[in-house]
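Q: I would like a close look at one part of this model, taken slowly and with its surroundings in view.

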Amino acid sequence: MSRSKRHRDYPDQPEPGPESGKKHQHSNSEPTFPSYLDAGKPLPPKIKLLCAIVAEIHCLSVEETLNDTGVRVSQHDVEEVLKLSYAFPGPALKFFRWSGRQLNEHHSPYAWNLVVDLLGKNCFFDAMWDAIKSMNKERLLSLATFASVFSSYVVADKTPDAIMTFEVMDQYGVARDIVAFNSLLSAICREGKTADAFDFYYIAKDKIRPDADTYAILLEGWESEGHVASATKVLDEMVSQIGWDPTNVPAYDSFLNTLLKGTNGIRVALDFFDTLKAKRCYPGVKFFRLALDECVKEGDVGGAEALWEAMVGGLGLQPDTSMYNLMISLHCHGNNISVAKRMLDEMVYNGAFPNSQTYNMVFKMLIKNRKLQEAGVLFTEMIKNECILEQANCIAAVRIYLDFGDPYFAIKVWKFMIENYHSGLEDTGNFLVLGLRDMNRVPEAVKYAEDMILRGIKLSSSSMLKLKDSLVRAKKEYMYDDLVSTMNTVG
């Protein structure tokens with residue numbers, strides 16, 4: 001396994017199986033599995049028919065019903081049905097035997113592994129071992145088979161049985177090597193039993209030499225469980241056994257992520273990050289993302305910039321949009337206008353594209369700092385890119401552009417606002433109407449007042465009175481009468 005991958009890449013139950021869709025069972029609860037009815041895409045008619053028979057027909061009648069269909073199956077068909085039949089182990093086994101007769105008992109190794117996994121996940125361990133013995137006779141056993149057994153035992157709170165399986169697997173022709181050892185540790189850690197995995201590591205490490213992946217697995221286990229002290233113990237053990245290995249990115253990533261969860265997490269993690277840098281060892285993107293998020297929460301511009309420089313300048317990693325948003329958010333809160341804008345401009349060149357969140361953060365900062373021309377350019381760009389300006393930013397923009405004597409852009413934002421929002425418009429609409437009236441743009445004020453009425457947006461009595469006053473002075477009372485008529489017609 002490449003060390004750039006994390007320990008879940010070790011062989012587990014046959015994939016794709018139901019593991020991701022089921023709730024883990026324990027000794028005091030029943031397992032639950034998805035069925036063929038939960039398939040994400042339409043099933044071929046033959047597969048759907050066979051799955052329905054397995055799911056709905058009594059175990060004693062399954063083979064007879066299958067015979068009556070006249071259906072012929074391939075090895076692939078068998079695999080597809082088994083993957084969707086974990087909730088019905090008895091009928092599924094009947095189907096497997098029935099299909100075996102059609103296939104001259106030449107099931108694929110994958111189908112056999114599915115049967116082993118299906119039985120194990122349903123805690124039918126005796127039947128599971130019977131299947132393993134049959135596979136052994138056909139020389140079909142592999143590490144994937146035993147990885148499934150490890151997982152089934154651990155999920156069922158039978159970790160000692162998983163360890164015992166590891167101890168005897170070489171008697172079945174499958175090597176008890178470092179890959180198998182790591183697969184066992186992975187299965188144990190994945191179920192939140194990292195302490196058990198670490199205990200067995202100490203027992204077995206003199207017989208099977210651990211590698212970098214071994215420690216990455218243990219460290220990721222402690223990361224999931226949030227145990228800083230235990231993770232530190234594993235790290236010390238790793239350094240004493242294999243030293244500082246720059247290629248073991250997952251181990252450093254998990255350890256730093258664990259530190260983030262502890263007391264003064266971001267400070268402790270950044271201190272250790274400096275230690276790693278000195279040894280030319282670095283974590284993965286996950287740590288940078290989590291650490292940047294913590295820096296934003298703490299308002300730590302210096303820490304965030306150090307991480308960013310290490311990530312982009314030192315490692316050449318490409319931040320995604322969410323990571324840029326974290327940095328831009330930090331600089332917006334710090335009112336670092338030029339830096340926030342520069343990061344927005346450089347995103348596209350680094351393969352990340354601004355989204356509505358990006359634009360809204362920068363727009364809000366520009367409006368707050370009265371950078372109205374720049375805000376206008378940004379608004380035009382975000383609309384072109386089909387992003388949405390938040391309603392709070394729309395409200396602020398209409399008000400400030402009117403206050404600074406720019407009715408054209410205030411109207412542009414208002415038009416966007418009424419196209420994209422259908423509530424919370426009354427105050428801003430009335431503000432726009434009165435703002436236009438106060439700027440001696442009474443005909444436009446009347447135009448937008450009428451549009452508000454037609455849209456069902458309430459024009460306040462105060463706005464009506466002020467418009468009436470202006471229209472009377474301009475000897476255009478008829479325009480006010482038209483407004484009242486429109487209001488009465490709509491109302």
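Q: Does K193 count as buried or exposed, and at what relative accessibility?

A: In this predicted model, K193 has a relative accessibility of 17% and therefore counts as buried, since the cut-off for that class is under 20%. The side chain of K193 meets that of D157 in a salt bridge, with N and O 2.7 Å apart. This pair links distant parts of the chain, for K193 sits in the loop between α9 (178–190) and α10 (194–204), whereas D157 lies 36 residues away in the loop between α7 (143–155) and α8 (159–168). The partner D157 is partly exposed, its relative accessible area being 36%.

Two other pairs help to place this one. D117 and K121 also meet through their side chains in a salt bridge of 2.7 Å, N to O, but these two residues belong to helix α5 (residues 109–121), where a spacing of 4 residues means that about one helical turn separates them; both D117 and K121 are buried. In the salt bridge between D320 and R289, the closest N and O atoms are 3.0 Å apart. That pair, too, links distant parts of the chain, with R289 in helix α15 (residues 285–298) and D320 in the loop between α16 (301–314) and α17 (321–333), 31 residues apart. D320 is partly exposed at a relative accessible area of 31%, and R289 is partly exposed at 29%. Elsewhere, R437, D438, D469 and R473 are joined into one network by salt bridges that share partners. The structure holds 20 salt bridges, one of them being the D157 and K193 pair.

Conventions
Residues are numbered from 1 along each chain as its sequence is written. This is a predicted model: local features need pLDDT of at least 70, side-chain atom pairs count only at pLDDT 80 or more; totals for chains, interfaces and linings use all residues. Side-chain values use heavy atoms; hydrogens and water are left out. A salt bridge is a side-chain nitrogen of Lys or Arg within 4 Å of a carboxyl oxygen of Asp or Glu. Buried means under 20% relative accessible area, exposed over 50%, partly exposed in between (1.4 Å probe, protein chains only).
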